[in-house]
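Work through the exercises below with the structure open. Each task is followed by a solution in steps.

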Amino acid sequence: MEAVGDVVAVLSPDGRFAEVGAASLRVFGTPPEALLGTAVLDRVHPEDRDEVARCLARHGHRASATPIGPFACRLRHAAGGWRRMEVTALNRLDDPDIRGIVLNARDVTDRVEAEQRLRASETLYQTLARSAPVGMFQTDRDGAIVSANPRFADIAGLSPDALHGHGWRAVLHPDDRARLEADWAEAWASGQPILLNLRFRGADGGITHALCQVSPLADADGRVQGWVGTLTDMTEYVRTADALLMAEARTNAIVDAAADAIVTMDGEGIVHSFNPAAEAMFGIPAADMLWSRIDRLIPDIVGLLQDGGLAVYQPGGQAQGAGAVREAEAVRGGGGRFPIELSVSAVETGGRRVFTGIIRDITARKRAESDLIAAKEAAESADRAKSTFLQIMSHELRTPLNAVIGFAQVIEMRLLGAQEVDRYIDYAGSIRQSGEHLLAIIDDILDITTIEAGGLRLNETPIAPPALVGEALNLVAIQSGKRGVPIHIELEDGLPMLSGDALRLRQVLVNLLSNAVKFSNPGEPAVIRARRAGDGGLELSVTDTGIGIAAEDIPKAMTPFAQVDQSMARRYEGMGLGLSISKRLVEAHGGTLRVDSAPGRGTTVTVALPPGRIVADA
């Protein structure tokens, strides 16, 4: 028993170890003496105990010459793991020399684990084969299919039952069969892999293009015993390649037939193509321009590309499709310059940029444009008075109408509650003031057209500056609330009375406050100030925290109907009349209007009325 390689033990009738062979130390990491007297079921895995107990009990009541088992179970190792055992038991309870059940336990852990790994590997292979996007197959020496995955059947257009043998060759395109046989025979003789382009014809007559890659399976002596390979569906690739060839042919036909000059060039400005229209336009054969620089014909094109004037490519940016259309000047092959319209698009492939320029000779159009501009200026001169009238009215009526509608809605809807009578009365007063302002503008419609000529008539009355400021604030209160721009008031004590047209001066302040609210950032206040000037006159100023105006753009802001930046027309409401009208109304009072501003730092507009407008000190 000591020399046996398997673990041999004798169990007592109650299932305890009575004798244990020395192999227990090697198999279980436990010396025999440590097992003596312990229950064998205590060493069995919990999931296996019931089965082991049944096997032992089935023959444990009487002696038998027939072994019990073999049966499998897991026994605990001293290190904490489990060893898989194949156990055979023999009842020797009646044997006076033994009086127990003899167990023979063989350690099969390595064999079981190897079998499990083999099954897992086979399962993995079958799973990969079933889910592979390419066909996978094995053949014998003659190319008859031995095994293949479902994808192979899909590509070949066969049912899985028809895969085995040479059936797959029958669905090959007739023109490919002889080539396959020849290439297969050559590969069999040389023992080299095969790479074939094949076509399969489906039952519906459709053609499937496939790439077949086959490698030999050789024995120990190097003799080919069979083949393994893959089949890749290339139908979409072939269709795409055919479509690209067709598209290229169609593009070449369009380019050759185009009326506009079409030129392609690289990032260095080297010409790669020059269509017939370009030859006719520049008077130069394509052969003379290929691999020459494009600036030979369009001197300014490099600068346009570099400064982004054509908006097709910026360093570190993305290549774009159609670029901006720009006008430039080109040179004919025989000398002489002419105007062109140029559009450039860019594509980038593999880090290489290619530009395509579409060029149009606009000499005739320029001539027609000059004639049209002259006629247009003559018509605009006659229509300017009417246009000015309509634009001024659109601008000037909007602010008081907003106040009338807004306060009327507050009163109508009783938003402040039925008890706020005094507040409603104040709002009614604001509506009255706005209505009076509108009525006064309507009464003076005929006079507005005389502003440009300096013939505006002023209705002069004594004016209190605080009241003037308060009335203007009432007219922009709703606009201020909607934009979330509070207006702070800074009035110097003891301001004198003024002599002037209250309607026009209020109109000036409303224009300036409306601009301040419009261009300020929500939550940041605008400020209106009134103080005595150093020369004894009066200064009224409005400051905002808005976008500001560049110094060079201030004269444009003073011009009727002009916007400093066309993008502002999309962001801010208005037609650019506020400052220009205010300037002329202030000048009609003998004063000046000054703008102090910088981009991003806000704007301060100051109205300076001369000392002659002061009536008396308050």
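**Exercise 1. Strand β11 and its partners**

Find the strands that pair with β11 in this predicted model, and give the direction of pairing and the number of bridges for β15 and for β12.

Solution.
Step 1. Strand β15 covers residues 352–361, and its pairing with β11 is antiparallel, over six bridges. One bridge in this pair joins Ile262 to Ile358 of β15.
Step 2. Strand β12, residues 271–274, also pairs with β11 in the antiparallel sense, here over three bridges. Val263 has Phe274 of β12 as its bridge partner.
Step 3. Look at the link between β11 and β12: the two strands form a hairpin, with four residues between them. Gly269 lies in that turn and has a positive phi of about 80°.

**Exercise 2. Burial of β11**

Decide which residues of β11 point one way and which the other, and whether they are buried or exposed.

Solution.
Step 1. Sort the residues by direction. Ala261, Val263 and Met265 point one way from β11, while Ile262, Thr264 and Asp266 point the other way.
Step 2. Apply the cut-off for buried, which is under 20% relative accessible area. The residues of both groups are all buried.
Step 3. Draw the conclusion. Six of the six residues of β11 (261–266) are buried, so the strand is largely enclosed by the rest of the structure.

**Exercise 3. An open sheet**

State the strand order of the open sheet of five strands and explain what is special about the strands at its edges.

Solution.
Step 1. The order is β2-β1-β5-β4-β3, and the pairing is antiparallel.
Step 2. At the edges stand β2 (17–20) and β3 (68–76); each has a single partner strand, so one side of each is left without a neighbour in the sheet.
Step 3. With direction ignored, neighbouring strands of this sheet are turned by 30° against each other on average.
Step 4. Take one pair from the sheet: β4 and β5 are antiparallel and share eight bridges. Thr88 has Asn104 in β5 as its bridge partner.

**Exercise 4. Positive phi outside glycine**

Locate Arg99 and Trp291, and give the phi of Arg99 and of Trp291.

Solution.
Step 1. Recall the background: most residues other than glycine have a negative phi.
Step 2. Arg99 is not a glycine, yet its phi is positive, about 50°. Arg99 sits in the loop between β4 (82–92) and β5 (100–107).
Step 3. Trp291, also a residue other than glycine, has a positive phi near 65°. Its loop runs between α10 (286–289) and α11 (301–306).
Step 4. Check the exposure of Trp291: its relative accessibility is 63%, so Trp291 counts as exposed.

Note on methods. Residues numbered from 1 in each chain as written. Predicted model: local features only at pLDDT ≥ 70, side-chain atom pairs only at ≥ 80, totals over all residues. Heavy atoms only, no water. Buried < 20%, exposed > 50% of the residue type's maximum accessible area, 1.4 Å probe, protein only. Pairing = 2+ DSSP bridges. Axes fitted to C-alpha atoms, helices over the stretch in contact; angles between N-to-C directions.
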